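Work through the exercises below with the sequence and the model open. Each task is followed by a solution in steps.

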Amino acid sequence: MDYKEMLKNARANLNGSCKVCKACNGIACAGEVPGMGGKGSGSSFIENFKSLEKIKLNMRVTHNVNNPDTSIELFGRKMEAPIFAAPVTGTTLNMGGKITEREYIEPVVKGCINSGIYAMVGDTAIDAFLIENLDVLKENNGDGIVFIKPWENEDIIKKIKLAEEAGAFAVGVDVDACGLVTLSMHGKTVEAKTIDKIKELKASTKLPFILKGIMTVEDALMAVEAGVDAIVVSNHGGRVLDCTPGSAEVLPKIVQAVKGKITILADGGIRTGVDVVKMIGLGADAVLIGRPFVTASFGGATDGVITYVEKLKSELSATMILTGCQTINDINEKVIF
Ligand SMILES: Cc1cc2nc3c(=O)[nH]c(=O)nc-3n(C[C@H](O)[C@H](O)[C@H](O)COP(=O)(O)O)c2cc1C
């Protein structure tokens, strides 16, 4: 499918909730939460984009890398690229209401599988959305990861069991959603998690367990102490707290503290294969991409998602050639200028 055509369709289907800007940088949608933007001034979303934009790469052309291998293995799964579709939920609230949750998520799950990567699906105040997401995963062999909101542990553990039944290959909690008061309005409490509560969640499942929303060395060290399998360095796309730094800005310090002790994923403002190389160069093991998958699904359903992932893979491969990296493992701080 033609990429530009996809963007045009997405603009119409998003019904004004997202302008599908040339650069998805958080400026035009600042403050639009609910919506597709970043909270308050929008600066946390904007900083994600800016902090990544500031990173420059060392171009290398004297080497023998002409056909790089973009694949990785993570959580026991082989993937054609170190990229996940991030969990993004709430079509009715955030995405203009023209397309249902299932109409949006099914193409993301299927398109990712088709292109050799996996989607993560999320949870909201409305239980039915998680159930719908799990149904879609189940219909697709459970090929995906489930993120649950930081409800009280008892509720999370029940939902982890549902994710296991759907066949998900990893589960996590977006702990940074503990400040989303809109969630508490639906009669359930979200809460910040103590290390003991995190340990209880980790012990409740045999699946790899991931904490999403880590922005400091202190929280990353806590995750290691709690025995968690992976963290996502993320400020939730700038949607939970105004005025945080960009994730690319905090990533190197977190990497310095916990690399090798825990799998490090990262997201925020990643749009292209070049951005993927930057984040991995800064020390991430793999990345998540959020908003562009919404555009792809709204603009071209499964075909749109495949088109976007193939574009990412080809940019990733070209960038690996021009930075002299044969494998994803070869991408390290040496690629960063
Ligand atoms: C509309 C919207 C809904 C989101 N819903 C969730 C969610 O349900 N669970 C979650 O962990 N993260 C959620 N996120 C955050 C994303 O998973 C991801 O961290 C963020 O979008 C990454 O930034 P990017 O969109 O700039 O790539 C949401 C983001 C957006 C824009």
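Two strands pair if DSSP finds at least two bridges between them. The model is predicted.

**Exercise 1. Place strand 8 among its neighbours.**
Task: Which residues stand opposite A230, and which strands does strand 8 pair with?

Solution.
- Step 1. Start on the side of strand 7 (residues 209-214), which runs parallel to strand 8 and is joined to it by four bridges. Here I210 is the bridge partner of A230.
- Step 2. Turn to strand 9 (residues 263-267), which is also parallel to strand 8 and joined to it by four bridges. In strand 9, T263 stands opposite A230.
- Step 3. Trace the connections. Strand 7 leads through helix 9 (residues 217-225) to strand 8 in a right-handed β-α-β unit. Strand 8, helix 10 (residues 247-258) and strand 9 form a right-handed β-α-β unit as well.
- Step 4. Check the two faces of strand 8 (residues 230-233). In a regular strand, side chains alternate between the two faces of the sheet. A230 and V232 lie on one side, I231 and V233 on the other, and all four are buried.

**Exercise 2. Examine a lysine in strand 7.**
Task: How far from K212 is the nearest side chain of opposite charge, and is K212 buried or exposed?

Solution.
- Step 1. K212 belongs to strand 7 and is buried.
- Step 2. The nearest side chain of opposite charge is that of D267, 4.2 Å away. A salt bridge requires a nitrogen-oxygen distance within 4 Å, so the pair does not qualify. K212 therefore has no salt bridge, although D267 is among the residues that K212 touches.
- Step 3. List further contacts, leaving out residues up to four places away in sequence: among them are P87, F147, V173, D174, V232, H236 and L288.

**Exercise 3. Account for the salt bridges.**
Task: How many salt bridges are counted, and which parts of the chain does the pair R77 and D143 tie together?

Solution.
- Step 1. The count is 17 salt bridges.
- Step 2. One of the pairs is R77 with D143, at 2.7 Å from N to O. R77 lies in strand 2 (residues 77-79) and D143 in the loop between helix 5 (127-139) and strand 5 (144-148), so the pair ties together parts 66 residues apart in sequence. R77 is partly exposed at 21% relative accessibility, whereas D143 is buried at 10%.
- Step 3. R102 and E132 meet in a salt bridge at 3.4 Å, N to O. This pair links helix 4 to helix 5, with the two positions 30 residues apart in sequence. R102 and E132 are also linked with E106 and E139 in a network of salt bridges.
- Step 4. Within helix 12 (residues 291-323), K311 and E315 are four residues apart, about one helical turn. Their side chains meet at 2.9 Å, N to O.

**Exercise 4. Explain the disulfide count.**
Task: How many disulfides are counted, and how far is the sulfur of C178 from the closest cysteine sulfur?

Solution.
- Step 1. The count is zero disulfides.
- Step 2. For C178, the closest cysteine sulfur is that of C243, at 17 Å, which is too far for a bond.
- Step 3. Compare accessibility: C178 is partly exposed, with a relative accessible area of 31%, while C325 is buried at 2%.

Terms used:
Residues are numbered from 1 along each chain as its sequence is written. This is a predicted model: local features need pLDDT of at least 70, side-chain atom pairs count only at pLDDT 80 or more; totals for chains, interfaces and linings use all residues. Side-chain values use heavy atoms; hydrogens and water are left out. Buried means under 20% relative accessible area, exposed over 50%, partly exposed in between (1.4 Å probe, protein chains only). A crossover is right-handed if, with the strands pointing away from the viewer, the path from the first strand over the helix to the second runs clockwise. Lys and Arg count as positive and Asp and Glu as negative; His and the chain ends are not counted. Contact means heavy atoms within 4.5 Å. A disulfide is a pair of cysteine sulfur atoms within 2.5 Å.
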